[in-house]
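Welcome! Take a look at the sequence and the structure below, then work through the exercises at your own pace.

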Amino acid sequence: MRASTLTRFAPCLLAGLLAAATASCAATDSGPRPPRSSSPAATPATGVPSATAARDAREAAKARDFNGDGYADLAVGVREGAVNGVPGAGRVQVVYGSSSGVASTRRQVLDRGGAAVKGEGFGATLASGDLDGDGYADLAVGAPGRGGRAGSVTIAFGAGPGLSDRLVALDRPGDTTGFGAALAVGDYDGDGRDDLAVSTFDAVWVAYGSGGIRRGRAGWTPVMGNTARVGPLASGDVDGDGYADLAVVYSEDDPADEGMGAVYRGSREGLADRLPGTFPGWGVGDVAIGDLDGDGFGDVVAGNSYADAEDPGGQIYVSRGSARGLEAERVIWTLSSPGMPRAPEGTDGLGGAVAVGDVDGDGYADVAVGASGGAGAALVLYGGGSGVSARGARLYDPGSAGVAADVVQGFGQEVALADLDGDGRAELAVSTRAEQRVTVLSPGGPETGGGAAKGAVQLTPARQGEGFGHPLN
Ligand SMILES: [Ca+2]
Ligand SMILES: [Ca+2]
Ligand SMILES: [Ca+2]
Ligand SMILES: [Ca+2]
């Protein structure tokens with residue numbers, strides 16, 4: 001799909017399919033959509049994606065397609081990287097998708113050049129979507145810094161040749177601490193332009209997409225303030241009304257308190273009140289939203305790599321969306337849940353990273369999750385008519401054929417799902433804590449079995465620097 005053929009206000013038939021803090025789509029404001037069938041009998045376990053699923057996959061790709069060629073692209077954060085000898089300034093490496101996937105040799109490096117500041121951590125957070133409504137996805141880059149810095153958010157705008165090297169720093173909503181600590185992009189007001197949600201240490205703000213953003217004028221509106229601490233953010237359509245909603249993890253009174261997760265409802269006026277229902281927030285380090293059961297309502301996936309309910313090793317929580325908000329009942333997955341593939345001895349930290357996307361092209365969003373304790377692993381759990389299940393689940397670890405044999409520690413630190421080769425099935429990108437490496441795999445469907453990583457591509461930094469692949473978008 002070329003940019004010139006993109007319909008700027010194209011309806012997003014399944015906004016909830018789109019994933020995570022990084023994905024979004026151009027939803028219409030034409031009102032409620034009929035929920036999709038949730039009948040298990042309608043679950044296509046295998047086979048050729050339906051026309052609808054293919055369209056959904058294209059919409060998902062669009063939110064990451066910086067050069068408008070129809071292939072999703074991948075941004076790799078190097079938050080600790082030195083720039084012009086300035087330590088910890090941080091940079092972002094971008095690789096572009098194509099019919100044969102990412103080309104590891106074609107890479108672009110974004111940094112703040114002469115404006116780089118020691119320790120600001122440019123690239124510590126990333127999110128993408130079409131903020132100026134020109135049909136090309138743009139990349140938002142957070143530089144929250146450490147130790148009470150003000151922080152900043154910078155935009156690289158998409159265009160035919162790729163992301164522009166001329167970065168635009170956004171204004172800030174007054175005095176901030178750690179501005180850019182978390183980012184999410186979604187069309188919260190349904191006007192066809194994506195909107196940008198940004199957290200500080202203790203508040204959340206939103207900039208509704210507009211022409212002004214190209215000049216750095218964000219026009220910030222407060223979403224949440226005066227809380228003790230804000231954690232990860234994610235966008236997706238939880239209540240199925242066609243407006244993206246914003247999930248926020250936060251602690252109310254004390255940064256060390258239990259924490260909770262809430263969803264702010266998108267509307268014609270933008271982010272409004274909270275939807276009914278919450279999800280667990282304690283220990284949750286990553287959140288994603290996608291329609292795992294194909295009912296038209298986005299489901300919230302929250303990862304808690306510290307959880308040790310039955311056994312150490314972390315957990316992910318799945319809370320289903322509905323027209324009435326989040327359902328109270330939730331499903332908890334651990335490394336020892338029935339049917340889960342067996343992880344290598346010593347693996348833990350499940351849920352330190354989560355991502356949602358359609359890996360097998362069946363129209364049901366699937367879940368990727370990192371478990372980077374020990375040697376580490378990355379898992380794929382497939383969605384279906386009755387939600388995500390362990391059936392056919394995949395586990396990749398450094399011992400899997402073609403993955404990363406020389407990685408000894410921390411595989412699965414970050415995960416991302418993006419359709420980099422445009423075949424309607426998302427690729428899985430996995431970074432590792434100990435090595436300067438991002439591995440890109442094509443898991444395909446659950447029916448093909450096995451754990452071999454056919455055609456894995458290894459991405460390496462253009463320049464040496466610490467923390468390559470932390471984060472991924
Ligand atoms: Ca592209
Ligand atoms: Ca908008
Ligand atoms: Ca909504
Ligand atoms: Ca699927």
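Which residue in E14 is the bridge partner of Tyr250? Met260 is that partner. Please keep in mind throughout that this is a predicted model.

**Exercise 1. Place strand E14 among its neighbours.**

Step 1. Begin with the strand itself: E14 covers residues 260–264, and four of its five residues are buried.

Step 2. Turn to strand E13, residues 245–251. E13 and E14 run antiparallel and are joined by five bridges. The pair Tyr250 and Met260 belongs here.

Step 3. Now look at strand E15, residues 279–280. E14 and E15 also run antiparallel, with two bridges between them. Across this pairing, Gly261 stands opposite Phe279.

**Exercise 2. Get an overview of the chain.**

Step 1. Count the elements: the chain has one helix and 28 strands.

Step 2. Check how much is covered. Of the 473 residues, 61% are buried.

Step 3. Consider the surface. About 17000 Å² is exposed, and carbon and sulfur atoms supply 49% of that area.

Step 4. Ask how far apart in sequence the touching residues lie. Taking contacts between residues at least 6 apart in sequence, 57% join residues at least 24 apart.

**Exercise 3. Describe the site of the calcium ion (ligand 2).**

Step 1. List the donors. Asp187, Asp189, Asp191 and Asp195 coordinate the ion through OD atoms, with Asp195 listed twice, and Arg193 does so through O. The distances are 2.2 to 2.6 Å.

Step 2. Read the spacing along the sequence: D-x1-D-x1-D-x1-R-x1-D.

Step 3. Judge the geometry. Six octahedral donors would ideally give angles of 90 or 180 degrees. The six donor atoms at this site have angles of 52 to 163°, and the site is irregular.

Step 4. Are Asp191 and Arg193 buried, partly exposed or exposed? Partly exposed means a relative accessible area between the 20% limit for buried and the 50% limit for exposed. Asp191 has 32% relative accessibility, so it counts as partly exposed. Arg193 has 24%, so it counts as partly exposed too.

**Exercise 4. Do the same for the calcium ion (ligand 3).**

Step 1. The OD donors come from Asp237, Asp239, Asp241 and Asp245, with Asp245 listed twice, while Tyr243 offers its O. They lie at 2.2 to 2.5 Å.

Step 2. The donor residues follow the spacing D-x1-D-x1-D-x1-Y-x1-D.

Step 3. Why is the arrangement irregular? It is irregular because the six donor atoms subtend angles of 53 to 162°.

Step 4. Finish with burial: Tyr243 and Asp245 are both buried.

**Exercise 5. Go from the calcium ion (ligand 4) to the nonpolar core.**

Step 1. Find the protein donors. Asp358, Asp360, Asp362 and Asp366 contribute OD atoms, with Asp366 listed twice, and Tyr364 contributes O, at 2.2 to 2.5 Å. Asp358 and Asp366 are buried.

Step 2. Note the spacing, D-x1-D-x1-D-x1-Y-x1-D, and the irregular site, whose six donor atoms have angles of 52 to 162°.

Step 3. Move to the largest nonpolar core, which has 22 residues. Leu292, Trp333, Val367, Leu379 and Leu381 touch the most other members. Strands E18, E20, E21, E22 and E23 each supply at least two residues of this core.

Step 4. Follow Val367. Beyond its neighbours within four places in sequence, Val367 is in contact with several residues, including Leu292, Ile316, Ala355, Leu379 and Leu381.

**Exercise 6. Explore strand E5 and a loop residue.**

Step 1. Strand E5 spans residues 138–143, and six of its six residues are buried. Asp138, Ala140 and Gly142 point one way, while Leu139, Val141 and Ala143 point the other way.

Step 2. E5 runs antiparallel to E4 (residues 125–129), with five bridges; Leu126 has Val141 as its bridge partner. E5 is likewise antiparallel to E6 (residues 152–156), again with five bridges, and Gly142 is partnered by Val153.

Step 3. Where is Val86? Val86 sits in the loop between strands E1 and E2. Its contacts, leaving out residues up to four places away in sequence, are Gly81, Ala116, Val117 and Lys118.

Step 4. Compare sequence with space: Val86 and Gly119 are 33 residues apart in sequence, and their C-alpha atoms are 8.2 Å apart.

Methods
Residues numbered from 1 in each chain as written. Chains lettered and ligands numbered in written order. Predicted model: local features only at pLDDT ≥ 70, side-chain atom pairs only at ≥ 80, totals over all residues. Heavy atoms only, no water. Donors = N, O, S within 2.8 Å, 3.2 Å for Na, K, Ca; no water. Tetrahedral: all angles 85-135°; square planar, octahedral: opposite > 155°, others 65-115°. Buried < 20%, exposed > 50% of the residue type's maximum accessible area, 1.4 Å probe, protein only. Contact = heavy atoms within 4.5 Å. Areas by Shrake-Rupley, 256 points an atom, 1.4 Å probe, with all protein chains shown as cover. Pairing = 2+ DSSP bridges. Core = buried A, V, L, I, M, F, W, Y, C linked by side-chain atoms within 4.5 Å.
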